[in-house]
Amino acid sequence: MQQFNDVLIQILILLAISISVIGIAKLIRQPYSIALVLVGLLLGVANIPFLEAAETFITQSHVFQAVVISLFLPILLGDATLKLPFKELKQQRKPIFLLAFGGTLLSFIVIGCSSYYILGLPLIVAFTFAALMSATDPISVISLFKSLGISKKLITIIEGESLLNDGIAVVLFQISTTYFLAYIEMGLSGLGSGVLLFLKFSIGGILIGSILGFLFSQIIRVYDDYPLEISFSILLFFGCYFTAEHFHVSGVIAVVVGGLIFGSYGANIGMSETTKVNIHSFWDVVTLIANSLIFLMIGLEIRNIDFSDK
């Protein structure tokens, strides 16, 4: 029990460090993500005694994966979908779908083939790497666009593409790490099987997200109680993710679809203005904390990577 308390206290210290770094970065108008990674790397290299237990705990592979994927990913996706205006997404659906599907698949193929033929990486490693690199993070770009006064239309396209892109990239990652070699050996029939698996992951995620998003939208019609409605949003995001993963379909796509329905349809039929303000404020805070810990954890995790050529 005492060991658990010590680790918890050290994690809270790391959170305090990360929030302080964000505060300083915002004062000097610099991207805080890079600063957090650098600070995390420094903390990992420095081996500070009173933070050692927390760093060891966080950088365990299963802990790192569970926290980043299972905890923070639904939070970040859910927050993003709540704030995206569905009407504007619908107006820009053609470029969004073209970039998300066509662009991500093209990027996946080009990076995978280049990694295999030029860098000489093993086939599975090459296309797993390609799936990781095909997922874009538009946070810095969108912040720059807003500061330069770029049109809202372009910002909406980039935000919408990014959400779909994340889901598609995760599906490609799952296929690359688990099924890729088997499908390659099957030839053309393997290509068909890969496409069917891709559709299963995607459509399954869409169905689960749609059902839960609609269900929770109906539930909040009964209440005008923003703390309770915020709680429902938490259940929705994590419910979408883990339900989809349980049925072996895309949890990312489920959260995106469920969040879009809840943030547009649900907000229109069941949220008062007070609820909308408070639910956005709540997720702003949670997302800030999640982002601060994610980038700090990445910096800590870098020290465990072996860059030597063996």
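Buried, on this tour, means under 20% relative accessible area, and exposed means over 50%. Keep those two cut-offs handy as you click through this predicted model.

**The whole chain**

Start with everything shown as cartoon. You should be looking at 14 helices and zero strands, so don't go hunting for a sheet. Of the 310 residues, 41% count as buried. The surface that is left exposed comes to about 16,800 Å², and carbon and sulfur atoms supply 71% of it. Take contacts between residues at least 6 apart in sequence: 77% of them join residues at least 24 apart.

**Stop one: α6 and α7**

Select residues 93–117. That's helix α6, with 25 residues. From its first C-alpha to its last it reaches 35 Å, close to the 36 Å expected at 1.5 Å a residue. Now show side chains for Ile-96, Ala-100, Thr-104, Phe-108, Gly-112 and Ser-115; these α6 residues are buried.

Add residues 123–133, which make up helix α7. The two axes come within 8 Å and cross at roughly 145 degrees, and the crossing is right-handed. Which residues of α6 meet α7? Phe-108, Ile-109, Ile-111, Gly-112, Cys-113, Ser-115 and Tyr-116 do so from the α6 side. Across from them, α7 offers Leu-123, Ala-126, Phe-127, Phe-129, Ala-130, Ala-131 and Met-133. By class, that contact has 12 nonpolar, two polar and no charged residues.

**Stop two: Ile-220**

Jump to Ile-220, in the loop between α11 (188–219) and α12 (226–246). Is this loop residue buried or exposed? Ile-220 counts as buried because its relative accessibility is 0%, below the 20% cut-off. To see what is around it, leave aside neighbours within four places in sequence and show Glu-229, Phe-232, Phe-262, Gly-266, Gly-270 and Met-271, which are in contact with Ile-220. For a distance to check in your viewer, pick the C-alpha atoms of Ile-220 and Phe-232: they are 7.9 Å apart in space, with the two positions 12 residues apart in sequence numbering.

**Stop three: along α12**

Two of those partners, Glu-229 and Phe-232, are also on the list of buried residues in α12. The rest of that list is Ile-230, Ser-233, Leu-236, Phe-237, Phe-238, Cys-240, Tyr-241 and Ala-244. Colour them and follow the helix from end to end. At 1.5 Å a residue, the 21 residues of α12 should span 30 Å, and the end C-alpha atoms are indeed 30 Å apart.

**Stop four: Thr-275**

Select Thr-275, in helix α14 (residues 273–302). This threonine is buried, because its relative accessible area is 1% and the cut-off is 20%. Not counting residues up to four places away in sequence, Thr-275 touches Asp-224, Tyr-226 and Glu-229. Glu-229 should look familiar: Ile-220 is in contact with it as well.

**Last stop: His-248**

Finish just past α12, at His-248, in the loop between α12 and α13 (251–270). What is there to notice about its backbone? His-248 has a positive phi of about 60 degrees although it is not a glycine. Switch on the surface here, too: His-248 counts as exposed because its relative accessible area is 55%, over the 50% mark.

Methods. Residues are numbered from 1 along each chain as its sequence is written. This is a predicted model: local features need pLDDT of at least 70, side-chain atom pairs count only at pLDDT 80 or more; totals for chains, interfaces and linings use all residues. Side-chain values use heavy atoms; hydrogens and water are left out. Helices (H or I, at least four residues) and strands (E, at least two) are DSSP runs, numbered from the N terminus. The expected span of a helix is 1.5 Å times one less than its number of residues. Buried means under 20% relative accessible area, exposed over 50%, partly exposed in between (1.4 Å probe, protein chains only). Axes are lines fitted to C-alpha atoms, for helices over the stretch in contact, and angles run from 0 to 180 degrees between N-to-C directions. A crossing is left-handed if the near helix is turned anticlockwise from the far one by less than a right angle, and right-handed if clockwise. Contact means heavy atoms within 4.5 Å. Ala, Val, Leu, Ile, Met, Phe, Trp, Tyr, Cys and Pro count as nonpolar, Asp, Glu, Lys and Arg as charged, and the others, Gly among them, as polar. Accessible areas come from the Shrake-Rupley method with a 1.4 Å probe; for residues, only the protein chains shown count as cover.
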